[in-house]
Amino acid sequence: MTDVWADVVGQEDAIAPLRAAAADDAAMTHAWLVTGPPGSGRSNAARAFAAALQCTGDPAVDEREIAAVMRGAHPDVTVVATDKVTISIDEVRGLIGLAQRSPAHGRWRVIIVEDADRMLERTSNVLLKAIEEPPSRTVWVLCAPSPQDVVVTIRSRCRKIALRVPPVEAVADLLVRRDGAEPSVALEAARAAQSHIGLARRLARDPSARERRDAVLSVARRIRGVGDAVLAAGELVDVAQAESAAHSEERNAAEKADLLRTLGVEPGQTVPPNLRAQVKQLEDDQKRRATRAQRDTLDRAMVDLLSLYRDVLVIQLGSDVELVNTAHAETVRALAEESTPEQTLRRMDAIGAARTRLTGNVAPLLAVEAMMIALRPQG
């Protein structure tokens, strides 16, 4: 039978309580908070737990239940993963209504909120009562980077599972086993992604993703003055916008067509005034999603640059640790020779400040320009 925990790599001790709860109702808790750094496998752990909860002990039945959960088709397992900046109150109210229903098919009704850190405090307060007094066969699984990313009233009522960054070798093994990646490509991707499972998978499977990352890292050598920094910032923001638009354009059009069809508006027909608010709501949601996609793309580029300067600092300090960017060892050594550890730390601080500004709704171009200017060589 399929091992539901096979893709939760490097987390054996952390997930032991989840395994025990799935195997014995006496060890069960109705609200869980799964935390861990990005790419640690929070979503994988939550889905594996949901699949294990549906197992009955009959191998034939369990195989069908597991397969349904893993492909997102199980009627009693709901997964919420927002691609907008925040999860709305209306979305949470819908989940609360769903949580009151008994399982329609399986043993448990499981509601997974993958981005619990994207709930504003007033939204979390709406969820609080449902978590405090859940029906007997409903389980909430909230996922967030850290317990502090969830309001204290929520986290105090959840049982906590803390994941860690999985070992590079474990992630590489997963890419080889699950995705058929070449071992050398898998290992390089796992290192470059700093054990972020989702990003490592994308780098291993998509050559264009590797090319985009290489282009970001090349910026560190290209910036020699303020003019170079401003140009590089504009290029990076333009790429992020283009990538966001490429991923959303087709989806946006399909969503709007579906909505108009539901509202009874024929193609090419003017939307009646009494229906325009619903169309406007969809368009606003799509804009928020595009904003998040652009921010996420820029943040990922900044994380990649941080990893490069981390490697530079490793060389400068003579530390006996492996480089993250083994394919860029020449660039790392050149940067290490032409700067001091203090300059490297200042550059890393500038990247960290830019990431903070992005989350604070500073205009992306301004945040990236300030960062790029700080990366130029100091005379």
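The following conversation concerns a predicted model of a single chain and its salt bridges, packing and backbone.

Trainee: What does the secondary structure of the chain come to?

Mentor: The chain has 15 helices and 5 strands.

Trainee: And how does the radius of gyration compare with that of a compact globule?

Mentor: The two agree: for 379 residues a compact globule would come near 21 Å, and the chain has 23 Å. The C-alpha trace spans about 70 × 55 × 40 Å along its principal axes.

Trainee: What percentage of the residues count as buried?

Mentor: Of the 379 residues, 45% count as buried. The chain exposes about 18600 Å², and 52% of that area is supplied by carbon and sulfur atoms.

Trainee: Of the contacts between residues at least 6 apart in sequence, what percentage join residues at least 24 apart?

Mentor: The figure is 74%.

Trainee: Let us turn to charges. How far apart are the mean positions of the positive and negative charges?

Mentor: They are 4 Å apart, taken over 49 positive and 53 negative charges.

Trainee: How many salt bridges are there?

Mentor: The count comes to 24 salt bridges. One of them joins the side chains of Arg118 and Asp296, with an N to O distance of 4.0 Å.

Trainee: Which parts of the chain does that pair link?

Mentor: Arg118 is in the loop between strand 3 (109–113) and helix 5 (121–132), whereas Asp296 is in helix 12 (residues 276–317). The two residues are 178 residues apart, so the pair links distant parts of the chain. Asp296 itself is partly exposed, at a relative accessible area of 36%.

Trainee: What is the partner of Glu322?

Mentor: Glu322 forms a salt bridge with Arg191, and their closest N and O atoms are 3.3 Å apart. Glu322 lies in the loop between helix 12 and helix 13 (329–337) and Arg191 lies in helix 8 (residues 183–192), so this pair ties together parts 131 residues apart in sequence.

Trainee: Is Arg191 buried or exposed?

Mentor: Arg191 counts as buried, because its relative accessibility is 17% and the cut-off for buried is under 20%.

Trainee: What about Arg213 and Asp304?

Mentor: They also form a salt bridge, with the closest N and O atoms 3.1 Å apart. Arg213 sits in helix 10 (residues 207–222) and Asp304 in helix 12, 91 residues apart. Arg213 is buried at a relative accessible area of 7%, and Asp304 is buried at 6%.

Trainee: Which residues are linked in a network of salt bridges?

Mentor: Asp7, Asp173, Arg177, Arg178, Asp179 and Arg201 are linked in such a network.

Trainee: Which side chain of opposite charge is nearest to Glu65?

Mentor: That is Arg64, 5.9 Å away; Glu65 is buried yet has no salt bridge. A salt bridge requires a distance within 4 Å, so Arg64 at 5.9 Å does not qualify.

Trainee: Where is Glu65, and what does the residue contact?

Mentor: Glu65 is in helix 3 (residues 59–70). Apart from neighbours within four places in sequence, Glu65 is in contact with Gln54, His74, His105 and Gly106.

Trainee: Changing topic to packing, what surrounds Ser124?

Mentor: Ser124 lies in helix 5 and is buried, with a relative accessible area of 2%. Leaving aside neighbours within four places in sequence, Ser124 is in contact with Met119, Val151 and Ile154.

Trainee: And Leu306: buried or exposed?

Mentor: Leu306, in helix 12, counts as buried at 19% relative accessibility. Not counting residues up to four places away in sequence, Leu306 touches Met348, Ile351 and Arg355. The C-alpha atoms of Leu306 and Thr344 are 9.9 Å apart in space, and the two residues are 38 residues apart in sequence.

Trainee: One last topic, the backbone. What is the phi of Gln194?

Mentor: Gln194 has a positive phi of about 55°, although it is not a glycine. Most residues other than glycine have a negative phi. Gln194 is placed in the loop between helix 8 and helix 9 (197–205), where Ser195 is also found.

Trainee: What is the phi of Ser195?

Mentor: The phi of Ser195 is near 70°, again a positive value in a residue other than glycine.

Trainee: How do their accessibilities read?

Mentor: Gln194 counts as partly exposed at 35% relative accessibility, whereas Ser195 is buried, with a relative accessible area of 3%.

How values were computed: Residues numbered from 1 in each chain as written. Predicted model: local features only at pLDDT ≥ 70, side-chain atom pairs only at ≥ 80, totals over all residues. Heavy atoms only, no water. Helix = DSSP H or I, 4+ residues; strand = E, 2+ residues; numbered from the N terminus. Buried < 20%, exposed > 50% of the residue type's maximum accessible area, 1.4 Å probe, protein only. Rg over C-alpha atoms; globule rule 2.2 N^0.38 Å. Contact = heavy atoms within 4.5 Å. Areas by Shrake-Rupley, 256 points an atom, 1.4 Å probe, with all protein chains shown as cover. Lys, Arg positive; Asp, Glu negative; His and termini not counted. Charge placed at Lys NZ, Arg CZ, Asp CG, Glu CD.
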